[in-house]
Amino acid sequence: MISRILSAELAEHTGRRVTIAGWVHRRRHLKSVSFLVVRDRTGLAQVVTGSGLPGEESVVRVTGTVTARPQAPGGVELTEPEIEVLAEPGAPPPFDLYRPVVPAALPTVLDHAPVALRHPRLRAPLEISAASVAGFRETLDRLGFTEIHTPKIVASATESGANVFGIDYFGRPAYLAQSPQFYKQAMVGVFERVYEVGPVFRAEPHDTARHLAQYTSLDAELGFVADHRDVMAVLREAVAGMLASVRRRAAPAVELLGLTLPDVPAEIPAVHFTEAQRLTSSGEPDLDPAQERWLSEWALREHGSEFLFVTGYPMAKRPFYTHPDPARPAYSNGFDLLFRGLELVTGGQRLHRYEDYTAALAARGEPVEPYEGYLQAFRYGMPPHGGFALGLERWTARLTGAANIRETTAFPRDLHRLSP
Ligand code: AMO
C-alpha cells in the first residue's frame, strides 16, 4: 500500500510531517497564497501551496507539516508541502465536484456516474445504503439466520410472468430472477431461517421514480411461524437494526444531508386491507400510490409512526405461494410495509403443504412442470413459514428524501439506461 494517513486522522499528528493521498478536490488561488484541497475516503484536507497546482481530480500524494489552523477543515492544514502527481486526469470533471450543492441535473449526474458519485452529497446515500445492509446482516445473524446465495439465472418466473427478462441459456430459454422467492423457501427446509442480499431483475415497463429494472432485494424467510405476524416482528427488528447501523456507521452522511431518521415503534401499527380500503374509500383490490401516501400520513397522525403495515391483501392480488387467512380465505396472510408514503416491503406467510401448492397452481390454470424443482421442498416436508423482501433503493430514497430512486443506486438500470 502507498504509505499515508487519512485526512480524518490529520489533527492527531499536529506538528509532525505526514503523507496524505487522494484527489484534488479544489484549487483556490488567493492574493498571496494558494490552497489545494485533497479529498480521500474520510473527508477533505487543506494544503497551503504556491502556484502551479495540479487540476481537479488529479490523484496526488502530498507530504507536509500538520499545522493548526482553525478555519481549515478539521482545524489543521498541511504546510511546506511536497506534491507528487500519481495520475493526471485526461479531462476536467463534467461539473464542479467542490460546489456544496450538486450543480447538475439527474440525467447529467447519471451519464457521468463514475466521476459524479465522487461528490460528497451524491456519495452520501450510498454510504447510508451500505450501513443499512450491514445492519440488516447484523440483526438477522443475531436472530439465528444464515446468509444464502441463490441463482440469478432461473428456469421460471416467480412473481408473475409479466416483467421477467428472458435470456438465452446455452440455447435454452431462461430468465433473470425476479426474486429469490423459491430458493429462500427451499432453504428454510435446510436452515429454518435464511436471508439474502442480492440483485433482482424486473423488466419494468414503467418509467417511474420508484421502479428500477435491477434493484437490490433484502430477503428473509423463516420457518415455524404461527402466521404472518411472526414475520412482521422479525421485519420490525431488521428495520430497527438497519437504522441503528445507519446512525452508527454513516453519521457523517446523515449529518451532511441533514437527515432526520425515523423512530421504529416497538410495535409497528397495522391495518387490515379492508380497513385501509374503508379509510381511503377505495373499492379496488389493491392500493394505488396515492392511497399508500394517504395511509402513511394517517399512520403518522393517528399512531405517530412513519411505518405502517397493511395486512390481509386479497388472495387474488397475491402470488400463488401465498397462505390464505384461515378465517377469511379470500384474504391473505400477506402484508406490505409502507414507509413515508411508499410500499417498502412485501411479505407474508406461505403455503407449506405440497397438495396446497398443486391445488393453488391448478386454480390459477398454471402447469406444475415448470415448478417441479421448487415443489420438491414441499414434497419432502416443510414447516409453516413466511418471509419478506425489502427494496434497498426505496429504503435509501425514503431515508434520504431522494425524489428519485435513481439517486440511491450507483449505476441504475431502467427502461432507457444500460450504461454507464
Ligand atoms: P415484491 O415484488 O412486492 O415482492 O417486491 C418486494 C419489494 O421490492 C421493491 N421493489 C422494487 N424496487 C425497485 N424497483 C422495482 N422495480 C421494484 N419492484 C419491487 C419494493 C417491494 O416492496 N417475493 C416477494 C417478497 C416476499 O413475499 O418475500 C416479492 O418479490 O420495495
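This is a short talk about one predicted protein model and the ligand it holds.

Let me start with the overall layout, so that the later details have somewhere to sit. The protein has 420 residues, and 50% of them are buried. Its secondary structure consists of 11 helices and 18 strands, and the C-alpha atoms fill a box of roughly 80 × 55 × 40 Å when that box is taken along the principal axes.

I will turn to the ligand now, since I expect most of you will want to look there. The ligand sits in the largest pocket, and the elements that give two or more residues to the shell around it are helix 4, strand 17, which covers residues 342-349, and strand 18, which covers 385-391. Of these, strand 17 gives the most, with 5 residues. There are 23 residues around the ligand, and the ones that come nearest are Q181, E343, L344, T346 and R350. If we sort the residues of that shell by chemical character, we find 8 nonpolar, 7 polar and 8 charged.

Which residues have polar atoms close to oxygen atoms of the ligand, and at what distances? For R350, an N or O atom in the side chain is 2.7 Å from an oxygen atom of the ligand. For K184, a polar side-chain atom lies 2.8 Å from a ligand oxygen. With V345 the partner belongs to the backbone, where a polar atom is 3.5 Å from an oxygen atom of the ligand. As for the cover, the ligand on its own has 640 Å² of accessible area, and the protein covers 93% of it.

Next I would like to go through a few places where the backbone geometry deserves a careful look, beginning with two residues other than glycine that have a positive phi. One is E192, with phi near 70°, and it lies in the loop between helix 4, residues 181-191, and strand 10, residues 193-201. Is E192 buried, partly exposed or exposed? Its relative accessibility is 42%, and E192 therefore counts as partly exposed. The other is F224, where phi is near 60°, and its place is the loop between strand 11, residues 214-223, and helix 5, residues 228-249. F224 has a relative accessibility of 57%, so this residue counts as exposed.

That brings me to helix 11 and to what follows it. Why can we call helix 11 largely enclosed by the rest of the structure? The reason is that 8 of its 9 residues are buried, namely L392, E393, R394, W395, T396, A397, L399 and T400. For anyone reading along the helix, it may help to recall that an α-helix has 3.6 residues a turn, so residues three or four places apart point the same way. Helix 11 is followed by G401, and the phi of G401 is positive, near 75°.

The segment after helix 11 contains two prolines that I want to mention. P412 is in that segment, and because its relative accessibility is 3%, P412 counts as buried. P412 and R398 are 14 residues apart along the chain, and their C-alpha atoms are separated by 17 Å. P420 is also found in the segment after helix 11, which spans residues 392-400, and the peptide bond that joins S419 and P420 is cis, with omega about 0°.

Finally, let me show two side chains on strands together with their polar partners. S332 belongs to strand 15, residues 328-332, and with a relative accessibility of 2% it counts as buried. What does the side chain of S332 reach? It reaches the backbone nitrogen of G334 at 3.1 Å, while a polar atom of the S332 side chain also lies 2.7 Å from the backbone oxygen of Y313. The second case is T65, which is in strand 4, residues 59-68. T65 has a relative accessibility of 16%, and since buried means under 20%, T65 counts as buried. A polar contact of 2.8 Å joins the side chain of T65 to the side chain of R17.

To close, I would return to the ligand, which sits in the largest pocket with 93% of its accessible area covered by the protein, and I would repeat that everything here comes from a predicted model.

Definitions and conventions: Residues are numbered from 1 along each chain as its sequence is written. Side-chain values use heavy atoms; hydrogens and water are left out. Helices (H or I, at least four residues) and strands (E, at least two) are DSSP runs, numbered from the N terminus. Buried means under 20% relative accessible area, exposed over 50%, partly exposed in between (1.4 Å probe, protein chains only). A residue is near a molecule or strand if one of its heavy atoms lies within 4 Å of it. A polar contact is a pair of N or O atoms within 3.5 Å; within protein, one must be able to donate a hydrogen and the other to accept it, and residues adjacent in sequence count only if both atoms are side-chain atoms. Accessible areas come from the Shrake-Rupley method with a 1.4 Å probe; for residues, only the protein chains shown count as cover. On a 1 Å grid over the protein atoms alone, a cavity is a set of points where a 1.4 Å probe fits but cannot get out, and a pocket is an open set with protein on both sides within 12 Å along at least five of seven lines; lining residues have an atom within 4 Å of a point. A molecule sits in a cavity or pocket if more than half of its atoms lie within 2 Å of its grid points. Ala, Val, Leu, Ile, Met, Phe, Trp, Tyr, Cys and Pro count as nonpolar, Asp, Glu, Lys and Arg as charged, and the others, Gly among them, as polar.
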